[in-house]
Amino acid sequence: MSPRDYISINGSLVIPSTDIDPFDRLRAGFARQDMRIRDLRPLHIASHLDLLAITFERMFGKRPTLSPPMVAAWCSELLTRNRYPAFGSCCVTALLIPTERAGRIAADLVLIGKEILLDSSYSVRPIRPTATIENYALTFSELPTSAAFEADEAALMRARYRDHIKGSHVVLRADDEGVLLAAGTAPLFAVKGRTILTTSTIYGSPKSVERQLTIDAIMRTDIPLQEDILSTEMVAECDELFFADYRGLTSIERVGATNYMSLMVDQIVKAMR
């Protein structure tokens, strides 16, 4: 987003300024979704909005009603006004921010245009990041809250400074018991032999639209899936590590001294399309 790009606030297009600044309330926290857009229309919009509403309700005690057709139209209007290409893919970030109306908690939906994506559909990213593991706790660990994104950015900054890391990198989040939960804010998967492993959301692994898309794709293949606990001790025994987000699947190259292959992700991403 450039400094003069429009954003959408409940369907109204505005340019953020010191006079009209929707971000002065972000300190209260918010729910967030990064949505993949194809030909100016968000993919899986109902699922993204449902997760936004669930997260907002857990944070603030009220579940807002969001209309998928209306929000899809707002996305299209925003991207058209900001002169995004009419065809192809990009990302729009949706923030559900608390506000007050008539003395009661309410929600404002803010839409922000993000990067243009080269692939028309979910793909295996050509960049393979390195990774480090860090233990830290989050409230509502399984939900896409602002705290989760802020904690991930802080963990990545610590890793880069501590280990003098350059290039693409991601921090794998673990809890105090050594359960691997996420790659940043994205669901993490591992391959061991012919089985795909991932930590269940009941242990705090993040719920996401792309997590479910990945699991659905795996189920359409002949690859066994085990949803239970992926621990830090198991990492060195795995053959592949990857995570899923709006861009598709990203295969991790190395954690510490352990190198990983990138083979099964191609089969999975084909089943996602």
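The exercises below work through parts of a predicted model, each with its solution.

Residues are numbered from 1 along each chain as its sequence is written, and side-chain values use heavy atoms, with hydrogens and water left out. Because the model is predicted, local features need pLDDT of at least 70 and side-chain atom pairs count only at pLDDT 80 or more, while totals for chains, interfaces and linings use all residues.

**Exercise 1. The open sheet**

Task: Give the strand order of the open sheet of six strands, and find which strands stand at the edges.

Solution:
- Step 1. Strands (E, at least two residues) and helices (H or I, at least four) are DSSP runs, numbered from the N terminus. Two strands pair if DSSP finds at least two bridges between them.
- Step 2. The order is β2-β1-β6-β5-β3-β4, with antiparallel pairing.
- Step 3. β2 (12-14) and β4 (41-42) are the edge strands; each has a single partner strand, so one side of each has no neighbour in the sheet.
- Step 4. Between β1 (residues 7-9) and β2 there are three bridges, and the two strands run antiparallel. Ile7 has Val14 in β2 as its bridge partner.

**Exercise 2. Helices on the sheet**

Task: State which strands α1 touches and how helix α2 runs relative to β6.

Solution:
- Step 1. Contact means heavy atoms within 4.5 Å. Axes are lines fitted to C-alpha atoms, for helices over the stretch in contact, and angles run from 0 to 180 degrees between N-to-C directions.
- Step 2. α1 packs on the sheet and touches β3 (31-38), β4, β5 (89-101) and β6 (104-117). The direction of α1 makes about 175 degrees with that of β3.
- Step 3. Helix α2 (residues 68-81) lies across β1, β2, β3, β4, β5 and β6, and runs at about 45 degrees to β6.

**Exercise 3. Strand β11 and its partners**

Task: List the strands that pair with β11, with the number of bridges for each.

Solution:
- Step 1. Strand β10 (residues 180-183) is joined to β11 by two antiparallel bridges. Ala183 has Ala186 in β11 as its bridge partner. The two strands form a hairpin with two residues between them, and Gly184 in the turn has a positive phi of about 70 degrees.
- Step 2. β12 pairs with β11 over three bridges, in the antiparallel sense. Here Val191 is matched with Ile196 in β12. This too is a hairpin with two residues between the strands; Gly193 in its turn has a positive phi of about 65 degrees.
- Step 3. Strand β14 (residues 240-245) pairs with β11 over four bridges, again antiparallel. Phe189 stands opposite Phe242 in β14.
- Step 4. As for burial (buried is under 20% relative accessible area, exposed over 50%, partly exposed in between, with a 1.4 Å probe and protein chains only), six of the seven residues of β11 (residues 186-192) are buried.

**Exercise 4. Aromatic pairs**

Task: Classify the two aromatic pairs of the structure.

Solution:
- Step 1. Rings of Phe, Tyr and Trp (its six-membered ring) pair if their centres lie within 6.5 Å; planes under 30 degrees apart count as stacked, over 60 as edge-to-face and the rest as tilted.
- Step 2. The structure holds two such pairs. Phe56 and Phe60 are tilted, at 4.8 Å centre to centre with 50 degrees between the planes. Both lie in helix α1 (residues 45-60), four residues apart, about one turn of the helix. Phe56 counts as buried because its relative accessibility is 0%, whereas Phe60, at 25%, counts as partly exposed.
- Step 3. Phe189 and Phe242 are stacked, at 5.3 Å centre to centre with 10 degrees between the planes. Phe189 lies in β11 and Phe242 in β14, so this pair ties together parts that are 53 residues apart in sequence. Both of these residues, Phe189 and Phe242, are buried.

**Exercise 5. The surroundings of Thr199**

Task: Is Thr199 buried or exposed, and which residues does Thr199 touch?

Solution:
- Step 1. Thr199 is in strand β12 (residues 195-199).
- Step 2. Thr199 counts as buried because its relative accessibility is 2%.
- Step 3. Leaving out residues up to four places away in sequence, Thr199 touches Val179, Leu180, Leu181, Ser205, Arg211, Asp228, Ile229 and Leu230.
- Step 4. A polar atom of the Thr199 side chain lies 3.0 Å from the backbone nitrogen of Leu230.

Technical notes
Polar contact = N/O pair within 3.5 Å; in protein donor to acceptor, adjacent residues only side chain to side chain.
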